[in-house]
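Thanks for coming. I will go through side-chain contacts and burial in one structure, so please have the sequence and the model open.

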Amino acid sequence: MASGFVKLGKLSRGGGAFRFGQWNRQYSKLSYRAASESEKMEEEEVPTSGISRPLSEILKELNKKVPDSLVRTRLEKDGFPIRYIPWHLVNRILNLHAPEWSGEVRNITYSADAKSVSVVYRVTLYGTDAEIFRESTGTASVDDTSYGDPVQKAEAMAFRRACARFGLGLHLYHEDSS
């Protein structure tokens, strides 16, 4: 590995994993280098010097349509399909395009009847010219035990929504449900 470069590995695990190299061929113009053997992890070299960029460039990248291979669908209790990007993939996308971002839980509130919990999450992007933050909320039912605990679900929802306010995955909120 050349000095001044960081190697990035797989974006997700499992068979058919989506790798940074594949992501970048579709999503950005970073260089791509695959290992010669199929068993080796695909790698990409990203310059570490000057990794910070102006906010306009970061936001331009985040506003691009996310590849369908990263989008998941779940059915609500009423049978309505919801398309979303899992929080861990949103995290990886931010790490790739805005490596100097930060996130924090600002508030956790249980409803008066103790049937739901709401989380306020803030994401801050740091560019060479400025910093900007967006906040959003997520709410989960305390009775819903489909995965994780209610606070985790509400936090993941709030995180994804805060990132959508920067444009990341925003197209999913505007798709026709037909």
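I need one definition before the first residue: buried means under 20% relative accessible area, exposed means over 50%, and partly exposed is what falls in between. Keep in mind that this is a predicted model.

Start with Val 105. Its relative accessibility is 35%, so Val 105 counts as partly exposed. Val 105 sits in strand β5, which covers residues 102-110. Together with Ile 108 and Tyr 110, Val 105 makes up a nonpolar surface patch, and the accessible area of the three comes to about 270 Å².

Next, the charged pairs. How many salt bridges does a search of the whole structure find? The count is eight. I will take three of them.

One is between Arg 106 and Glu 135, with 3.2 Å from N to O. Arg 106 is in strand β5 and Glu 135 is in strand β7, residues 131-141, so this salt bridge ties together parts of the chain 29 residues apart in sequence. Arg 106 is at 43% relative accessibility and therefore partly exposed. Glu 135 is at 26%, so Glu 135 is also classed as partly exposed. The pair does not stand alone: Glu 104, Arg 106, Arg 122 and Glu 135 are joined into one network by salt bridges that share partners. Arg 122 has another contact as well, since Arg 122 lies over the face of Phe 133, 3.8 Å from the ring centre.

The second is Arg 83 with Asp 68, where the closest N and O atoms are 3.4 Å apart. This pair links distant parts of the chain, 15 residues apart: Arg 83 is in strand β4, residues 81-84, and Asp 68 is in the loop between α2 (55-62) and β3 (72-75). Arg 83 has 32% relative accessibility, which makes Arg 83 partly exposed. Asp 68 falls in the partly exposed class because its value is 47%.

The third is Arg 74 with Glu 76, at 3.2 Å between the closest N and O atoms. With a relative accessible area of 32%, Arg 74 is partly exposed, and Glu 76, at 33%, is partly exposed too. Arg 74 also lies over a ring face, that of Tyr 84, at 5.3 Å from the ring centre.

Now the aromatics. The whole-structure search gives two aromatic pairs. In the pair of Tyr 121 and Phe 159, the ring centres are 5.4 Å apart and the planes are at 75°, so the arrangement is edge-to-face. Tyr 121 belongs to strand β6, residues 116-126, and Phe 159 belongs to helix α4, residues 150-164, so the pair ties together parts 38 residues apart in sequence. Are these two residues buried or exposed? Both Tyr 121 and Phe 159 are buried. Trp 101 joins Tyr 121 and Phe 159 in one aromatic cluster.

Last, an acidic side chain. Where is Glu 61? Glu 61 is in helix α2. The relative accessible area of Glu 61 is 12%, so Glu 61 counts as buried. The side chain of Glu 61 has a polar contact of 3.3 Å with the side chain of Lys 64.

To recap two items: one network of salt bridges contains Glu 104, Arg 106, Arg 122 and Glu 135, and one aromatic cluster contains Trp 101, Tyr 121 and Phe 159. I will take questions now.

Methods
Residues numbered from 1 in each chain as written. Predicted model: local features only at pLDDT ≥ 70, side-chain atom pairs only at ≥ 80, totals over all residues. Heavy atoms only, no water. Patch = residues over 30% accessible without salt bridge, like charges linked within 9 Å, V, L, I, M, F, W, Y side chains within 5 Å. Areas by Shrake-Rupley, 256 points an atom, 1.4 Å probe, with all protein chains shown as cover. Salt bridge = Lys/Arg side-chain N within 4 Å of Asp/Glu carboxyl O. Helix = DSSP H or I, 4+ residues; strand = E, 2+ residues; numbered from the N terminus. Buried < 20%, exposed > 50% of the residue type's maximum accessible area, 1.4 Å probe, protein only. Phe/Tyr/Trp six-rings, centres within 6.5 Å; stacked < 30°, edge-to-face > 60°. Lys NZ or Arg CZ within 6 Å of the ring centre and 35° of its normal. Polar contact = N/O pair within 3.5 Å; in protein donor to acceptor, adjacent residues only side chain to side chain.
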